[in-house]
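Biologist: Could you take me through one part of this model up close, and then walk outward from there? Keep it casual.

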Amino acid sequence: MADVFISYSRADGDFVRELHGFLTGHGKDVWVDWEDIPPAAAWEEDIDDSIDEAESFVFVVSGSSLASRYSLGELHHAQDRGKRIVPIACDGADPEAAPQGLRQLNWIWCRPDDDRAAAFERVLEALDTDLGWAEVHTRLLVRAVEWDERRDSSLLLRGRDLEDALQATAANAGKEPVPTELQREYLLASRRASSRRQRLVLGSVSLALAVSVGLGIVALVQRNLANDRARVARSQALAAQAVAALGSEPAAALADAVRAMETEPTPEARVALRRALLATPVAYSVGAEGRTRGPARFDSVAFGDGGRTLLGLGPDSILRIRESATGREIARMRAAVFAPEGRLAVAVSRQDAQVLDLRTGAVVATRGAPAGGRPVGGGFSREAPRAAYAVGGAVTLERLPAGRAVTLPVPPGPLLRVRFAADGNRAVTADGRRARVWDSTSGRLLATLGTATSAAISRDGRFVVTIGTFGDATLWRAGDGTRLAALGHAANVVFSRDGRLALTVAEDGSAAVWRTATGRQAAVLPGFGSLVTGVEGSTVFSDFSPGAAFSGDGRLVAVANPDGNVRIWDVAARKQVGAVGTGWANAVAFAPRGGLLAATAWNGELVVAPTPPSVPLRTGARPSTCVPSFDPIVTRDGRHVVAAAAGGAGVWTLAGRRVATLRPPAQPPAAGNVAAAAVSADGTIVAAASAGNFCVRYPRETHGAAVWRLGRAAPVLELGAGVPLGLDEDGRLLAAGGSVWPAAGGPRLPGLGKVLVLSPDGTRALVVRAGRFEIALTGSGETVATLGGAARLREALAVDPGAATFSPDGRRLLTRWGMSARLWDATTGDPIALLGRRGEEVEGLGFGDGGRLALVTFSGRAAVFSADDGRLLSSVSGAFAGGALSDDGAFAALPGEDGAIEIVDPAAGTRVALQAGTGLRLTNLSFGPGAGLILGRDEAGDVHVVRCEICAADEELLGLARSRLAVLARIEAEEPPVGATG
């Protein structure tokens, strides 16, 4: 139990460290958040508990603390708990700007001109006044709070403890800290309980006791009902408050949503929590380290090794290499400039230039800097590492680790920078006067461009954008110096990886995307917020300069804004698809794979966040009514996706890398389209079947199926039989074209008749024999059951081979039945229930939760039924042509506009829009294992893998929200200094 809790704003950290040292030096146990919050703590709850347990509360008053919602929240909690509050003002904060309760107290002034030692002594005197009563007050508050959480009578005071507490409260009436309402209620409840015990000891009449108990039960029931209603109302109010704050204060919205769920998990609270999580996509942050020597540069953060590592050059001139997924530091070194390329990176300092292996952090090559050399650039040309130094009156380009140095006759002024074209042997220099393009291997001057304080060159070396003295951006052709277009005003510029687009960003965060081939504008993006207000006719200077970046495929751009947020835009749709609260970010970078965005604030604070979650799989297949196809499949282990593609069935990793193309037999080959596919449960065995083009027929064309083991090019088995297609979970049996074969090869299984559907465990099959629908054992061909009156099933199977499916254990069968669905007992052949309403059209069938649920999507709704008796458990309306249900029935996905996916809770009927960031409407949605992945096709035929972190259970979401709040609390960005000249 601490003596003192200190509440302060991070901006006053230096002052608080002095105060902390003074108080601890005089024997006080001081709680302060830089040393008392354990890792992964539920920080808000931990702070509230620490205030409760502290004997006194010191509030450091400043302009920053009076404007901080966190500091004022701690003050209000202390006031609610009746704590003795000692305010000490460290600057000239206006008392009129303080809350009423704080304004009425006597402030201890400790401004820069005041006597600091005397002020600290006054704080110590205030803390020592009535110390005995403060200790009693704190013990009483801690016990009262513990009792209030459970209202457990065993926690009430009794005997000597109760008498001492009552006497101390009466003797100190009117003194600070004053008893709170909770403490008074606790004492009253303790006294009443004591009185009741005395009456019981003296003897109560049995009838009176019975009546009292009866009345108590009624009162308890009524009170519980009232408490339940109050919790629901409180939860709904907090949820509404959270939703209202999403646009302006996403961190506060997330905190309110968490409190709403903790109060009562109402449908409104669940929606608010999911929306708030989407609005605050932060993975982790790393605070600024070392002594700052200036603001972070525009190019101070980058991903390497395909996105596995993250490189950040802090304002302290230290280059840190981290695992991008976790933030764990791999290596660090001194550097002035750096550049990654593939698995390697170049770090250039005044001492030397180093080539680094990013996976290990090891230095694989070193070359000393030339005598008197000042580092002005680093990078790669044709994958060769290079370092640039200003030496004397020229620039020398060093090839690493050894090679002929090239000298460029460029005046090495203070603004000089050299940038390399990674795919070519070109470099651009800008020295504040002229920009020039050079052959980096020979030193030959290729072109002289206009006046430029900075310049950027595209990766392929074809284009350069310069920024002039007054911020005028110009696009040039690098090879001959042809001026292509004026790009307007800009503070920074960046090229897309393929060089087809350039992004210019102004000081206010407004941006424009330009097509380099034509110089035409492709998109205009607005700026948000302002660091200064009321400054007219002046030039504003700030350590903040908006960072910007393209995603690897050039589809998205990220731009930092003066309101402290990085916004993510879809270039083609000209639509915002995400935002991350990073503070004032001078540098931004997208991971080429892995769905991460990194931002470095002006003071070196690093924030890493997931980007809009869609990963496109380029199929090369265009939608056509002539070509049969199948919905994309995620393997059960969540590692691969199988989808129809040009030339066969494609297999991709979730990161979007194509690892195989599977071509089942067809003659002639041009006649084949992959119409069906199946995957074993462990994801190692894949089967695919071809089918003909509906619009074109070839003479004597044939089709078939094949089985592959992933990682091997040649198929394990090829058959002349095709659709319908099925594979058991173990990948042992293949059902194709009405027969069943061992997937590893061998003769087909005899005696089954025409096989329509294979059960997941491979033990049973739905077959047609002698005109009857039967369920047979695959091992022996023995009939287990016969389905009666199955004419409607015959009609459905004639149109769609997927019109029937077994439960995982083979004991239930779900089929289309005319315009509805029917659930069967697969052990007896008896129908269990007709699922659906008259006239509904079935879109999809499946089992969930290990076979305990039957899942049916109709054209206008999704429904979850009990697989035991067909009883309807939940239903949610929506345009389910193209929608899907998760395997456990807990979530439904509906196609929305511009790539949005509506995530629906069927039990509660609530909806939250998940932005997939595609810019294109997605259809043919399906869930991957665990509902954490959603697959869909866009109108161009490409498949998108969308990560759905909000498709999780309440407790998992609350855990994610609490950890994210802890990260957001640590970010609490320091505002950059701003100045203006007339």
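Biologist: Here is where I'd like to start: is A455 buried or exposed, and why does A455 count that way?

Modeller: Bear in mind that this is a predicted model. A455 counts as buried because its relative accessibility is 8%, and the cut-off for buried is under 20%. As for where it sits, A455 belongs to strand β23, which covers residues 454-457. Leaving out anything up to four places away in sequence, A455 touches R419, V428, A430, A435, V464, V465 and T466. Take V465 from that list: in sequence A455 and V465 are 10 residues apart, while their C-alpha atoms lie 5.6 Å from each other in space.

Now for the nonpolar cores. The largest one has 64 residues, and the members that touch the most other members are L273, I903 and I934. Helix α12 (residues 250-263) gives this core its largest share, 8 residues. Apart from it there is another core, with 22 residues, including I6, L19, L23 and V32.

I903 is worth a stop. Setting aside neighbours within four places in sequence, I903 is in contact with F891, A892, T910, R911, V912, L914, I934, C948, I950 and C951. So I934, another of the core members with the most contacts to other members, is on the contact list of I903 too.

I903 also leads us to the cavities. The count comes to 2 cavities of 30 Å³ or more. The second largest has a volume of about 60 Å³, and I903 helps line it, along with R270, V271, R274, F891, V904, D905, T910 and V912. The elements giving two or more residues to that lining are α13 (267-279), β67 (900-905) and β68 (910-915). By type, the lining of this second largest cavity splits into 5 nonpolar, 1 polar and 3 charged residues. F891, T910 and V912 turn up in this lining, and I903 is in contact with each of them.

The largest cavity has a volume of about 190 Å³. Its lining takes in 18 residues, and those nearest the centre are G312, R320, R322, G604 and L606. Strands β8 (309-313) and β9 (318-323) each supply at least two lining residues, with β8 giving the largest share, 4 residues. This lining divides into 7 nonpolar, 7 polar and 4 charged residues.

Definitions and conventions:
Residues are numbered from 1 along each chain as its sequence is written. This is a predicted model: local features need pLDDT of at least 70, side-chain atom pairs count only at pLDDT 80 or more; totals for chains, interfaces and linings use all residues. Side-chain values use heavy atoms; hydrogens and water are left out. Buried means under 20% relative accessible area, exposed over 50%, partly exposed in between (1.4 Å probe, protein chains only). Contact means heavy atoms within 4.5 Å. A nonpolar core is a set of buried Ala, Val, Leu, Ile, Met, Phe, Trp, Tyr and Cys residues joined through side-chain atoms within 4.5 Å. On a 1 Å grid over the protein atoms alone, a cavity is a set of points where a 1.4 Å probe fits but cannot get out, and a pocket is an open set with protein on both sides within 12 Å along at least five of seven lines; lining residues have an atom within 4 Å of a point. Grid points are joined across faces, edges and corners, and a volume is the space filled by probe spheres set on the points. Ala, Val, Leu, Ile, Met, Phe, Trp, Tyr, Cys and Pro count as nonpolar, Asp, Glu, Lys and Arg as charged, and the others, Gly among them, as polar.
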